[in-house]
Amino acid sequence: MNFGQFGQQFVNGLSLGSIYALVAIGLAMIFGILRLINFAHGEVLMLGAFATYFYARSGLPFLVVAVLAVLTTVVIGLVMERVAYRPTRGAPDVALLLTSLGVSIALQNAAVLAFSAQPRKFPTPRLIEQQVDLGAGVQISGTNLVTVGVALALMAGLTLFVTRTQLGVSMRATAENVTAAQLMGINITTVIVAAFVIGSVMAGVAGILWGARVGRIEPLMGFIPVLKAFVATVIGGFGSIPGAVLGAYILGFGEIFLVAWLPDALTSYRDAFVFTALILVLLVRPQGILGSTEPEKI
Amino acid sequence: MLILEDVHVAYGAIRAVKGISLEVQDRELVALVGSNGAGKTTTLRAVSGLFRPRPGSIRYDGTDLTKLAPHEIVARGISQSPEGRQIFGSLTVRENLMLGAVRRKDRAKLGDDLDRIFDLFPVLKERIGQAGGTLSGGEQQMLAIGRALMARPRLLLLDEPSLGLAPLLVQRIFDVVARLKAEGVTILLVEQNARKALEVADRGYVLETGRIVLQGPAAELAANPEVERAYLGG
Ligand SMILES: Nc1ncnc2c1ncn2[C@@H]1O[C@H](COP(=O)(O)OP(=O)(O)OP(=O)(O)O)[C@@H](O)[C@H]1O
Ligand SMILES: [Mg+2]
């Protein structure tokens, strides 16, 4: 691999890791507060991509389409919280897990019915499909550049939110100790709703970026990114948001460089390598890299 | 005025509180004492809305608290420094204190209130940017009380504020409790340290396995031979 190729793969890994990170943040945030593994998070991503697809037909500028699509995912996230998760709040972990699996499967099937299982071409704008020449033989796709930029901006925004605003600090407090948070006067419902809003924004954006990356969208497209994001959060330490982001980038880079270095015959096994890595991390550090919570919560 | 009437609370099959009736008048300091597992913490948690009494009534200034969520109870001026401190370990001392004030509407006064807390517990000022989890046990206890005070409560619930502290610190905490009372804060104080609690309190209730077995003016309770034998180590 020469320098140019390395640079290209590096940015590619950064870009893939960024998408995983956006998805993983939502998972970690909702888990941190509700102790719920929201498998339906992948369907929020999928619906974000489909919303983009349909809104783009209107001929509106892509940025407007993207904002509308993200607003749509926020509404979906809010409805999901209200209809499926609020009534089951406080139920045993297994019941929560089954609820989220149920929501995930229901949304997948509804999407197959509504949109058909046929993959569709994602309406990525021409502008960002172009290659950008960084010099020194490094060529980067515009999609990757946009992906990394958008993800970093969102993460910076999130960091400001959780450190500088009262709602953000309340969210961190609730994730650490729900009872104490209630005794402070924090309205837990507000915090949960905020977590779903933020998670849905991130998942909606991830859906658009994933659509642009892969080029096609279909009703089951949420499964792989949410699975990878789940692995990332476990590697990083479940419930820890910095951990989830770290895990996501480890996974993104690991995947890209494995494919680049492995002989062609083995590249189709890359997911096997991902899960081997997961098992190795968990053997050495059951609580994940940045995790401090008890591993039985996973 | 806080009035509990025939309050029952159970954890599944375990009946922790079996028909407690008590009241705390405005500006009064009432001590709730009793041995381990008597139901003191459960009672305070029920007042804060973490548990619903079944059956039983909890009223504060005419409002039925049993219908309110915990954050609505805080909004009515009732805050709690819980047993075991329950500090947010990953949040700074300042963040912990400011969370105590989430329900406050008069946000312009928060700076003055911070100063007041630092006046009561100067060490917290030195630790302002430090993560709550890195504080010593005693410092965490001061933070827990300071955090509850940031709500500017009209009724303050204190659950074992002196637990596990060195004698000097215990004295300091009780001094602060006495000072708060002098400032007009109504206090319901749960304590293992019955002697000290009854020293500062106006009235007291003695709880035993979920029931109130004795009540009266604090001085009378302290002089009661039964209380002396069971709780004051006499
Ligand atoms: N979460 C819980 N689940 C089951 N039982 C509980 C729970 N919390 C308390 N109990 C039981 O309820 C009873 C009263 O407990 P509580 O904590 O109110 O006592 P306490 O008077 O505060 O005791 P201590 O002085 O030790 O703090 C005890 O028998 C205790 O074992
Ligand atoms: Mg107790």
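In which hand does H1(A) pass H11(A)? I began my notebook with this question, keeping in mind that the model is predicted.

**Entry on two helices of chain A**

I looked up the pair and found that H1(A) passes H11(A) in a right-handed crossing. By class, I listed 20 nonpolar, six polar and one charged residues in this contact of H1(A) with H11(A). Helix H1 covers residues 3-34 of chain A and helix H11 covers residues 241-261 of chain A, and I noted that their axes come within 7 Å and cross at roughly 145 degrees.

**Entry on the interface**

I then turned to the two chains, where 21 residues of chain B are in contact with 17 residues of chain A. Between them, chain B and chain A bury about 1,700 Å², and 59% of this area is on carbon and sulfur atoms. On the side of chain B, I wrote down Phe88(B), Leu99(B) and Val102(B) as the residues that lose the most area to chain A, together 29% of what that side buries.

**Entry on polar and charged pairs**

How many salt bridges does the rule find across the interface of chain B and chain A? I found one, and I also recorded a salt bridge in which the side chains of Arg172(A) and Glu95(B) meet at 3.0 Å, N to O. For polar contact between chain B and chain A, I noted a count of six residue pairs, both residues at pLDDT 80 or more.

I next asked which elements of chain B give two or more residues to the side that touches chain A, and these are helix H2 (70-75) and helix H3 (93-99). The largest share, three residues, comes from H2(B). By class, I entered nine nonpolar, seven polar and five charged residues for that side of chain B.

Conventions:
Residues are numbered from 1 along each chain as its sequence is written. Chains are lettered from A and ligands numbered from 1 in the order in which they are written. This is a predicted model: local features need pLDDT of at least 70, side-chain atom pairs count only at pLDDT 80 or more; totals for chains, interfaces and linings use all residues. Side-chain values use heavy atoms; hydrogens and water are left out. Axes are lines fitted to C-alpha atoms, for helices over the stretch in contact, and angles run from 0 to 180 degrees between N-to-C directions. Helices (H or I, at least four residues) and strands (E, at least two) are DSSP runs, numbered from the N terminus. A crossing is left-handed if the near helix is turned anticlockwise from the far one by less than a right angle, and right-handed if clockwise. Ala, Val, Leu, Ile, Met, Phe, Trp, Tyr, Cys and Pro count as nonpolar, Asp, Glu, Lys and Arg as charged, and the others, Gly among them, as polar. Contact means heavy atoms within 4.5 Å. Buried area is the accessible area (1.4 Å probe) that two parts lose on being put together, summed over both. A salt bridge is a side-chain nitrogen of Lys or Arg within 4 Å of a carboxyl oxygen of Asp or Glu. A polar contact is a pair of N or O atoms within 3.5 Å; within protein, one must be able to donate a hydrogen and the other to accept it, and residues adjacent in sequence count only if both atoms are side-chain atoms.
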